[in-house]
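Student: Hi, could you walk me through this one? I'd like to start with the open spaces and then move on to a few residues.

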Amino acid sequence: MDNLQQMKDTLQLCVDRHKDELYSVSRDIWSRPELAGEETHAHDRLVSFFSQDRAWAVESHYKLQTAFRAQWGPVGGREDEPLVNVAFLCEYDALPGIGHACGHNLIAEVGAAAALGMKAALENQSEIPVPVKITVLGTPAEEDIGGKIDLMNAGAFSDVDLVFMAHPAQQDASFLPCIALKEVSVKYYGKASHASAYPWEGVNALDAAVLAYNNMSALRQKLKPEWRLHGIIKHGGVKPNIIPDFSELHFYLRTPLLKDLCILKEKAEACFRAAALATGCKVEISYPSHENHNILPNATLAKLYEANGKALGIQFPEQPDNFSGSTDFGNVSFSVPGIHPFFYICTDAFNHTEEYTEAAGSEKAQLFTLRTAKALAMTAVDVVCCPDLLRQVRDDFRLAKLEQDR
């Protein structure tokens, strides 16, 4: 027990020792925001950061153009024991127009800091019961494409045993129930005509879009309170005196459980097709991005994270029953045991606002960001140093998956 605390003390000192360098990386990413799939500068900056220490085996452009992987180890354990590969995830894409309004520069910093801290804790330790490898994965395009899902499909998580990341928010929480998400694109095709002289010759695609939008609005009153649908009309015509021959809508469908998403999808498609039938338009429904799963909870990891966080001064207020955000980490959580806590960054602003962008680049956010990184690394150390905890984490993972199907 004394040795475990010594390891945790070592990792805290390591993170503190690198705090200026870590803030420099975060601020650099923040000051040059890049959209999903275009994060070339953030990728290069993080690759350079880990390449400074030759102990890390660094792979740039890992399976995706702006993804990377850095690995250290294995250390500890016996050769005949199975390896435990602990992954820390870094996000770094920004939002159009308002930059890092979701604080992904801080997610990258947390992942990097936690990995450095855990490495320092495990170095020169002869009593680690299992062989441990540390992996840092740069996971681009969370805001739009779902880069983690592409990385999963490419096998990037196939050898990972535990996965850790943390997301900035309005409060500290070991778990918030992020929900499943399906993105849908709807296009209507009609026939153009002069809107005043020959309106009867046209087939109005804008009418179809408006009816579809109203159908979706009417559908809301029939949905369960925690279900969500919201969208926009992206294209509705080019000139008032031309009956639009094309229109387009873009909607998000969300439910707390993945199994309910198919029900909402069916109801939404009926709304879209009804509008086409009513107006005589042709309709094209497509799903341009990956489906985000809800995040599976892991009780053991959450309990450990809260204990370590409280030891560092983190306070965990009462958590809301519902949280309507979505993330591609949910898909990872169905494949690998993990944790995705949220952390306060010294602002009352909400994510996806200009005020939050400012806070994410502020030096005031650093105390909270690095404290979170320490708590994540300490939690990972707890698990790899206690085989019973590792078994409990895996049992929680299996149980959570079973609960999803009930």
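Tutor: Happy to; we can go through pockets, cysteines, a helix and two loop residues. This is a predicted model, where local features need pLDDT of at least 70, side-chain atom pairs count only at pLDDT 80 or more, and totals for chains, interfaces and linings use all residues. Residues are numbered from 1 along each chain as its sequence is written, and side-chain values use heavy atoms, with hydrogens and water left out.

Student: Great. How much space lies in the largest pocket?

Tutor: About 830 Å³. On a 1 Å grid over the protein atoms alone, a pocket is an open set of points with protein on both sides within 12 Å along at least five of seven lines, while a cavity is a set where a 1.4 Å probe fits but cannot get out. Lining residues have an atom within 4 Å of a point. Points are joined across faces, edges and corners, and the volume is the space filled by probe spheres set on them.

Student: And which lining residues are closest to the centre of that pocket?

Tutor: C102, E143, R254, S326 and H352, out of 36 lining residues. Strands β6 (167–169), β7 (180–189) and β9 (246–255) each give two or more residues to the lining, and β6 has the largest share, with three. Strands here are DSSP runs of E, at least two residues, and helices are runs of H or I, at least four, numbered from the N terminus.

Student: What's the chemical mix of that lining?

Tutor: The lining has 15 nonpolar, 14 polar and seven charged residues. Ala, Val, Leu, Ile, Met, Phe, Trp, Tyr, Cys and Pro count as nonpolar, Asp, Glu, Lys and Arg as charged, and the others, Gly among them, as polar.

Student: How many cavities of 30 Å³ or more are there?

Tutor: One. The largest cavity has a volume of about 40 Å³, and its lining is made of L296, P297, N298, S333, V336, P337, G338 and F397. That lining splits into five nonpolar, three polar and no charged residues.

Student: Switching to cysteines: how many disulfides turn up?

Tutor: Zero in the whole structure, taking a disulfide as a pair of cysteine sulfur atoms within 2.5 Å.

Student: Why is C385 not bonded to C386?

Tutor: Because the sulfur of C386, the closest cysteine sulfur to that of C385, is 8.7 Å away, too far for a bond.

Student: Now α7. How does the span of that helix compare with what it should be?

Tutor: Helix α7 covers residues 258–279, and its 22 residues should span 32 Å; the end C-alpha atoms are 33 Å apart, so the two agree. The expected span is 1.5 Å times one less than the number of residues.

Student: Which residues of α7 are buried?

Tutor: D260, L261, L264, A268, E269, C271, F272, A275 and A276. Buried means under 20% relative accessible area, exposed over 50%, and partly exposed in between, with a 1.4 Å probe and protein chains only. The buried residues of α7 pack against β7, α6, β8 (228–235), β9 and β10. Just after the helix, G280 takes a positive phi of about 85°.

Student: Last one: where does H293 lie, and what does it touch?

Tutor: H293 lies in the loop between β10 (282–286) and α8 (299–311). Leaving out residues up to four places away in sequence, H293 touches I179, A180, L258, T327, G330, N331 and F334, where contact means heavy atoms within 4.5 Å. With a relative accessible area of 18%, H293 is buried.
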